[in-house]
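Subject: The two-chain model for you to look through

Hi there,

Here is the structure I promised to pass on. Please open it next to this email, and have a look around before you read my notes.

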There are 2 protein chains.
Amino acid sequence: MTYQPPVQDLMFCVEHLSHWEQVSSLAAYTDYDLADVAAVIEGYARFCEEQIAPLSHIGDTVGAQFDNGRVTMPDGDAQAYAQFVEMGWQALTHPAEYGGMGLPKTVGAAAVEMLNAADMSFGLCPLLTDGAIEALLLTGSDEQKETYLEPLIAGRWSGTMNLTEPQAGSDLGRVATKAVLRPDGSYGVSGTKIFITYGAHDLTENIIHLVLARTPDGPAGPKGLSLFVVPQKIVEPDGTPGAENAVNCVSIEHKLGVRASPTAVLEYKNATGFLIGEENRGLEYMFIMMNAARFSVGVQGIATSERAYQRALDYARERVQSRPVNGQVKDAVAIIEHPDVRRMLLRMRSLTEGGRAMAAATAGLLDLAHHQDDPEIVALAEFMVPLVKGFCSERAVEVASLGVQIHGGMGFIEETGAAQHYRDARILPIYEGTTAIQANDLLGRKVMRDGGGTARRFAARIAATEAELAKGDTAAQAIGANLAQARDAFEASLDWMLENSRKDIDAAFAGSVPFLMLAGTLAAGWKLAKGALAAQTALDAGKEAQFMTQKIATALFFAQHILPECTTEHTRILLGSRSLLDADFPD
Amino acid sequence: MTYQPPVQDLMFCVEHLSHWEQVSSLAAYTDYDLADVAAVIEGYARFCEEQIAPLSHIGDTVGAQFDNGRVTMPDGDAQAYAQFVEMGWQALTHPAEYGGMGLPKTVGAAAVEMLNAADMSFGLCPLLTDGAIEALLLTGSDEQKETYLEPLIAGRWSGTMNLTEPQAGSDLGRVATKAVLRPDGSYGVSGTKIFITYGAHDLTENIIHLVLARTPDGPAGPKGLSLFVVPQKIVEPDGTPGAENAVNCVSIEHKLGVRASPTAVLEYKNATGFLIGEENRGLEYMFIMMNAARFSVGVQGIATSERAYQRALDYARERVQSRPVNGQVKDAVAIIEHPDVRRMLLRMRSLTEGGRAMAAATAGLLDLAHHQDDPEIVALAEFMVPLVKGFCSERAVEVASLGVQIHGGMGFIEETGAAQHYRDARILPIYEGTTAIQANDLLGRKVMRDGGGTARRFAARIAATEAELAKGDTAAQAIGANLAQARDAFEASLDWMLENSRKDIDAAFAGSVPFLMLAGTLAAGWKLAKGALAAQTALDAGKEAQFMTQKIATALFFAQHILPECTTEHTRILLGSRSLLDADFPD
């Protein structure tokens, strides 16, 4: 089974859902038109399909190997990574000044999806490097940018984010790693960091660790954290990697999934590090980067979902089993003919395409927010990020599970491949902030802080789409009716949340994850609905009939099968807080 | 982390939900009172906790090993199995005539849950043996019973069910294994069977395979299947295992979960078998047994859920991370204090206890159905079986996934143990009939065939519970209100299904799984509600205050957080059939 990048849908999303008109008129992106974007996406698609997708199963089987401080990657990874560097793919969205291609996130999101669908374990390395690049761009000194950015953007070096410690997971205020200023202006960094993705590997010449640590005189808690760059090999004056730094890989984890992505325990023993930006502002910097990283994890969810869907669809077309329930055919048929297999496939497809549609829209908002100074756009982009992360990651688990189910008994056999997605997907609602962390971010920072202003603007935009749908045909009207119901559930929940933000904050947060899932489901359904409108326009113009018909069918399925979940979430929020807060857990 | 069997809740379910008064007045069970049942359950609990639970993690790590036709079980399994035999646990629910203890299924269900919670891989062996015993009891000749039952019930031999072949999974009509009559009255059985749980292992003296095969002159399709007993070692006239039969284990599967349970490919090369019952009635016999096996798989779902819950609860009590959202405490607290962790724990607990409550009620009905000749009871018992299997197995996947989530990053590390439940649980909605097969069984055989009569009686019983709840306190009334809404959703869906059983059968079956999940969720919520009423009575009598308060809290949480899902399923059924049936899957 090979992976076929969904180029047509990715381009549909760029063209119709990512605010492309505004993004492409930004000064930074006027060089690129849709044809250029298509050429990039097609080229990257070929690379992912041909070079990367074949690595996924063998990587899962062999896993990254640890021996005496060294990590060896599975066969094939080194060659594929060398190709990745040669083709310059790490440079996609980074500034031309440091060798980047300067494409918008709108295009970058499509690339992240394809690479991670081809092999999520492989995709994690560039994903972390992107994070390091963005951190250095945002907060690094000129000298730091000079030293690190070019080789990182070229992909010759990779980056990591070192946040977690055994006692500090979601609670970064508990970070204990120390950084002590030395006479030469560098810092001696000491401590143990865990869960460091690609913390050690043999794919690049150097690994650039970004480390959250505490200077001796800083305040306790989260406000005393600073960010440091700690290269695995200290960079020589000529820019080449020199002596090994005092950063040791103690072990790598034996994980449920993404087994070809090494997750390291790193020990810093007075390692040489350099302060990034200002002291005590480390957490703030991390949060800036976090938006980008969280968005990418959401896209990984779409990626895993797409791969699981393609695999299940292939199987459902080939596997012949049982006669149809209506008795009209006397022979067994391919199982795709059976209503419940169709239900599962459509659920997979609509959740995947719904996630993609909302991620594309969010990517566009992030591009606009980055280059314009419109506080409403910035706020809306930041509102969308936890939705993309929360919805796409939780739904990826569900989609991968359905993928196993469609395979029946074969799904439980590792060689089939469906189980790998089920294992891989499970990390997505956990890393870069669990679903509850996303929900608290949404509710606390992005809803309550501005008194619900952004959330109401989000709802108003949806209402505008409903008005357009009302003018359409039966399918458009049906989509609109379900969208309106889901939006009502959202607005009623929002009112309740705002009221309880003053009255009963525990009750509000008792409903934070239901609220996140409500908003995420609504956002996906909304963007699919917008897509259906665009598809109808294309159909009316006689363009791509089969594809556009499918876009409308997917949006309708989502509206009728998935949007109704919003009503249940609303009920949970309204009725369920006391039963949640008052229950005991006796021994 | 050890497993603590939930003896108090199991006894609560027997006493208040399993129709114990009627069951214990059946002639077959008058020997046992509640104190006897408690003694048995407590004894079995101790055995499961002390002897079996410690095997689960090591068994998962090592797995069953295959070498040249022989299967070796993980260390410790042989010793534990010998203990199991010595204590006579296989005999629990089987007739005294063949050495059984003759306890009702009401008690058997509790035992199956505890054994499978302790180690699902281990539990599968006795579970399959139970199936073989029941098949022989129902349809075997006197001589067959004489030969096989005593050693099977003693646990010295184990049993298997051989249905699946590569081309025949859900579609048993495609079974191709042949059975040819020999002059001596035995049959030569030839063919390949796959997915045979405990098809080969080294725990017992003999393995008794029950094999679905086709005689040369039988009709094509499912009506030409007969059932055969094929002992791995042919039984000598003195009853001891003799020469090896021509049944070879070709390989075992490399599976996502239950890795210490060997899943064999068995090759029959003119193996000696004996017809059970009448020719061409094999599928019918299999279906009789299937009710029992499907019920047990549902109970495995409860078991996995309970183990996952206990593990998550332990972790949530110990793991300290972050200050409370209400800002009232300035230090980090155990994560069980955080609202969303409570939400996940309560979801796990209420789904688990809801499944247990409905399984207990169903076990009682199965006991009554087995010993009385009341067609309404038989029909209700048969109606409940797909609900138990469908609900408890699907929910087990969800519960295990929440268990991983509560552990955060640690959940993704295999050594933690949470991931094992997530992997193990995934087989439950697949084997012994996928969820769609359960749903079609429910809708076709148990709802449409009697024009919805049984389904309406089920709803009427729920309405009676609502009337009782209406007389109770605020919590009881709140439970009753949500129960009534869920029952309304069920009855409206039922009307629609019955109408479409005539008008549009495809549309009906397009909603079969939503209908199953609706009915299963409703049944679990109903039985928890009945439990809440019993708990209130106990509280009023001053009994077990902490436990009874918890029972009511769990029922209330289920009513407010999970029963509302029934409304969504109803919407899916009503609105969603055309969008499901009409969508295309273009290349």
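How much area do chain B and chain A bury between them? About 7600 Å², and 59% of it is on carbon and sulfur atoms. Please keep in mind as you read that this is a predicted model.

**Where the chains meet**

On each side of this interface there are many residues to look at: 88 residues of chain B are in contact with 88 residues of chain A. Phe412(B), Tyr422(B) and Phe585(B) are good ones to click on, since together they supply 12% of the area that chain B buries against chain A, more than any other three residues.

There are polar links too. Between chain B and chain A, 50 residue pairs are in polar contact. Helix α10(B) gives the largest share of the side of chain B that touches chain A, with eight residues. Sorted by type, the residues on that side are 41 nonpolar, 24 polar and 23 charged.

Two salt bridges cross the interface of chain B and chain A. For a bit of background, side chains of opposite charge can pair when their charged atoms come close. Arg572(B) makes such a pair with Glu565(A), with the closest N and O atoms 2.5 Å apart.

**Salt bridges within a chain**

Over all chains, the count comes to 60 salt bridges. Glu565(A) turns up again here, in a salt bridge with Arg395(A) at 2.9 Å from N to O. Arg395(A) sits in helix α11 (residues 375–406) of chain A and Glu565(A) in helix α19 (residues 565–575) of chain A, so this pair ties together parts that are 170 residues apart in sequence. Both Arg395(A) and Glu565(A) are buried.

Chain B has a pair of this kind as well: Arg423(B) and Asp60(B) form a salt bridge, their closest N and O atoms being 2.7 Å apart. Because Arg423(B) is in helix α12 (residues 418–425) of chain B and Asp60(B) in helix α4 (residues 55–62) of chain B, the pair ties together parts that are 363 residues apart in sequence. Arg423(B) counts as buried at 4% relative accessibility, and Asp60(B) is buried with a relative accessible area of 6%.

Are Arg156(B) and Glu205(B) buried or partly exposed? Arg156(B) is partly exposed, with a relative accessible area of 30%, and Glu205(B) is partly exposed at 41%. Their side chains meet in a salt bridge of 3.9 Å, N to O. Arg156(B) is in the loop between α8 (142–154) and β3 (157–162) of chain B, while Glu205(B) is in the loop between β5 (187–197) and β6 (206–214) of chain B, 49 residues apart.

In chain A, try selecting Asp9(A), Glu113(A), Glu306(A), Glu353(A), Arg356(A) and Lys551(A), which are linked in a network of salt bridges.

**Inside chain B**

Eight of the eleven residues of helix α1 (residues 7–17) of chain B are buried, so this helix is largely enclosed by the rest of the structure. Among the buried ones are Leu10(B), Met11(B) and Phe12(B). The buried residues of α1(B) pack against several helices of chain B, including α2 (20–25), α3 (34–52) and α10 (339–371). Just after α1(B), His19(B) takes a positive phi of about 55°.

Gln300(B), in helix α9 (residues 282–318) of chain B, is buried with a relative accessible area of 0%. Its side chain is joined to that of Asn116(B) by a polar contact of 2.9 Å. Beyond its neighbours within four places in sequence, Gln300(B) is in contact with residues including Met120(B), Leu124(B) and Tyr431(B).

**What the record adds for chain A**

An unreviewed UniProt entry places "domain: Acyl-CoA oxidase/dehydrogenase middle" at residues 161–270 of chain A. In the model, that span is 0% helix and 49% strand, with its end C-alpha atoms 18 Å apart. UniProt, again in an unreviewed entry, places "domain: Acyl-CoA dehydrogenase/oxidase C-terminal" at residues 280–442 of chain A. That span is 72% helix and 0% strand, and its end C-alpha atoms lie 25 Å apart.

Enjoy exploring!

Best wishes

Technical notes:
Residues numbered from 1 in each chain as written. Chains lettered and ligands numbered in written order. Predicted model: local features only at pLDDT ≥ 70, side-chain atom pairs only at ≥ 80, totals over all residues. Heavy atoms only, no water. Buried < 20%, exposed > 50% of the residue type's maximum accessible area, 1.4 Å probe, protein only. Helix = DSSP H or I, 4+ residues; strand = E, 2+ residues; numbered from the N terminus. Contact = heavy atoms within 4.5 Å. UniProt positions renumbered as here; feature names shortened; annotations may be inferred. Buried area = accessible area lost by both parts, 1.4 Å probe. Salt bridge = Lys/Arg side-chain N within 4 Å of Asp/Glu carboxyl O. Polar contact = N/O pair within 3.5 Å; in protein donor to acceptor, adjacent residues only side chain to side chain. Nonpolar A, V, L, I, M, F, W, Y, C, P; charged D, E, K, R; others polar.
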